[in-house]
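Please open the model in a viewer and keep the sequence panel visible. The tour below proceeds by selection, and each stop states what is found there.

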Amino acid sequence: GLGLTGALVYSIYELRHPVEQADPDPEKKTLVILGTGWGSVSLLKKLDTENYNVVVISPRNYFLFTPLLPSCTTGLIEHRSIMEPIRNVLRQKKASVKFYEAEATKIDYEKRVVYISDDSEIKGDISQTEVPFDMLVIGVGAENATFGIPGVKENSCFLKEVNDAQKIRKRIMDCVETAMFKDQSDDEVKRLLHMVVVGGGPTGVEFAGELQDFFNDDLKKWIPEIQDNFHVTLVEALPNVLPMFSKQLIDYTESTFKEESISIRTKTMVKNVTDKSIEAEITNPDGSKTLETIPYGLLVWATGNAVRPVIRDLMGQIPAQKDSRRGLAVNEYLVVNGAENVWAVGDCAITNYAPTAQVAGQEGAFLARLFNTMAKTDEIEKELTKLSDQQALCKTDEERNQTFDEIRERQKQLRRTKQIGPFQYSHQGSLAYIGKERAVADISWLSGNIASGGTLTYLFWRSAYLSMCFSSRNRVLVAMDWVKARVFGRDVSR
Ligand code: NAD
């Protein structure tokens, strides 16, 4: 009886823990991948995992489709629609991959180990440990730049992760409901309903557009009292927003914002932040400078990327990284300069390209190709050694010639496999949503340099994002969110 129950229990256990429990193969190298963003996940998707003992480490057990994150701040899209569980990616791999939900706190290059720490609220017996590697891919991204400006960290919302979007969503409604509170003064109502976005890059522009949409489509219909005071301001230090787009698209964006009554304050550099206002230095047309205090209810800070401490620490361990400031300097094969068997992808690596999802995705795919090829090369080299041993033992000329031919064939194969060129980025175009069902796009591959803006571009933007969405599950969820918001309006509960 026990035997049967035991067998049953064991087979259920087997079902629930398939190859997951397999021990690392001592014959294979251990490949550790840090991060579950665009770079690391596109590597994972294309990697032949049976060639290595693959270990993935990330504090986030999901991939996040970041281009649609601004839509989560207004409830147009629910955040779970743009998350894809990493376990879902891993279970589709041929050989098992280990995943540890943890943050890499330190990389010791000399010792070839990564120190990891799990800040889970549920305390297990171990929350800190080390993971040794033979090969390491670093795809940990960047953190939000604050340029050491006082008050930014304490008072503003960023827009990088799911919880940032959730915080903004709550904060918008908190501002609106507090402004509606009994006996609130006019000035306080104005302040609470002033939504300030700092940084006129694509992140800031897309968020400002989404927020104004939210007001136009839903908020002003449901809470008409806020009509006269709800206001979005975009603050940018440079003379114009979206510097990576052409003059024509910048003008289109600026005129759309004007129609929507979003204020753009260019040549305005934020120098200090308090809990209720920002202090900015304005460069006047005659070149003189004035300081202005701008009160806000919600402050969203989108001024680009800064290097993460774990990366800065690693750069300190490698002399060749001494002169690098913005991240890990890599060569044309994405190998970290001055390090062996360490690669970097995405926003933590410094290449000649902008730190975008598109670049990170292509870098990850390139590394997958490189690693798959390296494994193949190893295999052929092993066969070659075997063949030359065999050749020495050959007795007849005929045997010897046959082995010789085989060796020649393998050598040819080896040369062909080794011919993997350096990483080359192929730009598919830039696309940014600017609100009012309009988008700007710079699509270079459509013959020459076509720049386009407007509603058609918006439709293209929507379908492009839908087809880029990670899985068909995500695609369905996002499409349903769009329909839901059209039919019922966005959900304004806090
Ligand atoms: P960004 O670096 O592109 O723009 C930040 C802006 O903030 C700059 O224009 C800068 O002048 C301004 N700024 C900095 N400090 C300031 C201050 N103190 N006061 C006022 N303004 C200040 O940052 P981002 O928009 O977060 O984008 C980061 C990267 O991600 C970029 O490479 C971008 O291309 C990419 N991205 C692309 C898309 C898209 O293609 N749709 C969307 C989001 C992000």
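Begin by selecting Leu-31, which stands opposite Met-135 in S9. The model under inspection is predicted. Leu-31 leads into the pairing of strand S1 with S9: 4 bridges join these strands, which run parallel.

**The parallel sheet**

Extend the selection to the sheet around S1 and S9. It is an open sheet of 5 strands in the order S5-S2-S1-S9-S20, with parallel pairing. Strand S5 (98-101) and strand S20 (342-344) form the edges; each has a single partner strand, so one side of each lacks a neighbour in the sheet. From one strand to the next, the twist averages 15 degrees.

**The helix across the sheet**

Next, select helix H2, residues 38-46. H2 lies across S1, S2 and S9 and runs at about 145 degrees to S1. Which residues of helix H2 are buried? They are Gly-39, Ser-40, Val-41, Ser-42, Leu-43 and Leu-44. To see what surrounds them, display strand S1 (30-34), strand S2 (53-58), strand S3 (62-64), helix H4 (86-90), strand S9 (135-138) and helix H11 (357-392), against which the buried residues of H2 pack.

**From H11 to H12**

H11, one of the elements packed against the buried residues of H2, also provides the next stop. Select H11 together with helix H12, residues 397-418. Two packed helices are described by the angle between their axes and the distance between the axes. For H11 and H12 the angle is about 165 degrees, and the axes lie 10 Å apart. H11 is therefore roughly antiparallel to H12. The crossing of H11 past H12 is left-handed.

Show the side chains at this contact. On the H11 side, the residues include Thr-373, Ile-380, Leu-384 and Leu-387. On the H12 side, they include Phe-404, Ile-407, Arg-410 and Leu-414. The residues of the contact of H11 with H12 divide into 6 nonpolar, 9 polar and 7 charged.

**A second helix pair**

Now select helix H6 (residues 162-179) and helix H8 (residues 202-222), whose axes come within 13 Å and cross at roughly 45 degrees. H6 and H8 are therefore oblique to each other. Is their crossing left-handed or right-handed? The crossing of H6 and H8 is right-handed. Ile-168, Ile-172 and Met-173 of H6 make the contact with Phe-207, Leu-211, Phe-214 and Leu-219 of H8. Colouring by residue class shows 7 nonpolar residues in the contact of H6 with H8, with no polar and no charged ones.

**The antiparallel sheet of S6, S7 and S8**

Return to an earlier part of the chain and select the open sheet of 3 strands, ordered S6-S7-S8 with antiparallel pairing. Strand S6 (103-108) and strand S8 (128-132) stand at the edges; since each has a single partner strand, one side of each is left without a neighbour in the sheet. Neighbouring strands of this sheet are turned by 25 degrees against each other on average, direction ignored. Then isolate strand S7 (residues 113-117), which is joined to S8 by 5 bridges, the two running antiparallel. To locate one such position, select Tyr-115, whose bridge partner in S8 is Glu-130.

**Two consecutive hairpins**

Select strand S14 (residues 268-273) and strand S15 (residues 277-283), which run antiparallel and are joined by 5 bridges. S14 and S15 form a hairpin with 3 residues between them. Val-273 stands opposite Ile-278 in S15.

Add strand S16 (residues 289-295), which is joined to S15 by 7 bridges and runs antiparallel to S15. Here Ala-280 stands opposite Glu-292 in S16. The hairpin of S15 and S16 has 5 residues between the strands, and in this hairpin Gly-287 takes a positive phi near 90 degrees.

**The whole chain**

Finally, clear the selection and view the entire chain, which has 14 helices and 24 strands. Along the principal axes, the C-alpha atoms fill a box of roughly 100 × 70 × 45 Å. How many residues does the chain have, and what percentage of them is buried? Of the 494 residues, 46% are buried. Among contacts between residues at least 6 apart in sequence, 64% join residues at least 24 apart.

Conventions. Residues are numbered from 1 along each chain as its sequence is written. This is a predicted model: local features need pLDDT of at least 70, side-chain atom pairs count only at pLDDT 80 or more; totals for chains, interfaces and linings use all residues. Side-chain values use heavy atoms; hydrogens and water are left out. Two strands pair if DSSP finds at least two bridges between them. Axes are lines fitted to C-alpha atoms, for helices over the stretch in contact, and angles run from 0 to 180 degrees between N-to-C directions. Buried means under 20% relative accessible area, exposed over 50%, partly exposed in between (1.4 Å probe, protein chains only). Contact means heavy atoms within 4.5 Å. Angles under 35 degrees count as roughly parallel, over 145 as roughly antiparallel, 65 to 115 as roughly perpendicular and the rest as oblique. A crossing is left-handed if the near helix is turned anticlockwise from the far one by less than a right angle, and right-handed if clockwise. Ala, Val, Leu, Ile, Met, Phe, Trp, Tyr, Cys and Pro count as nonpolar, Asp, Glu, Lys and Arg as charged, and the others, Gly among them, as polar.
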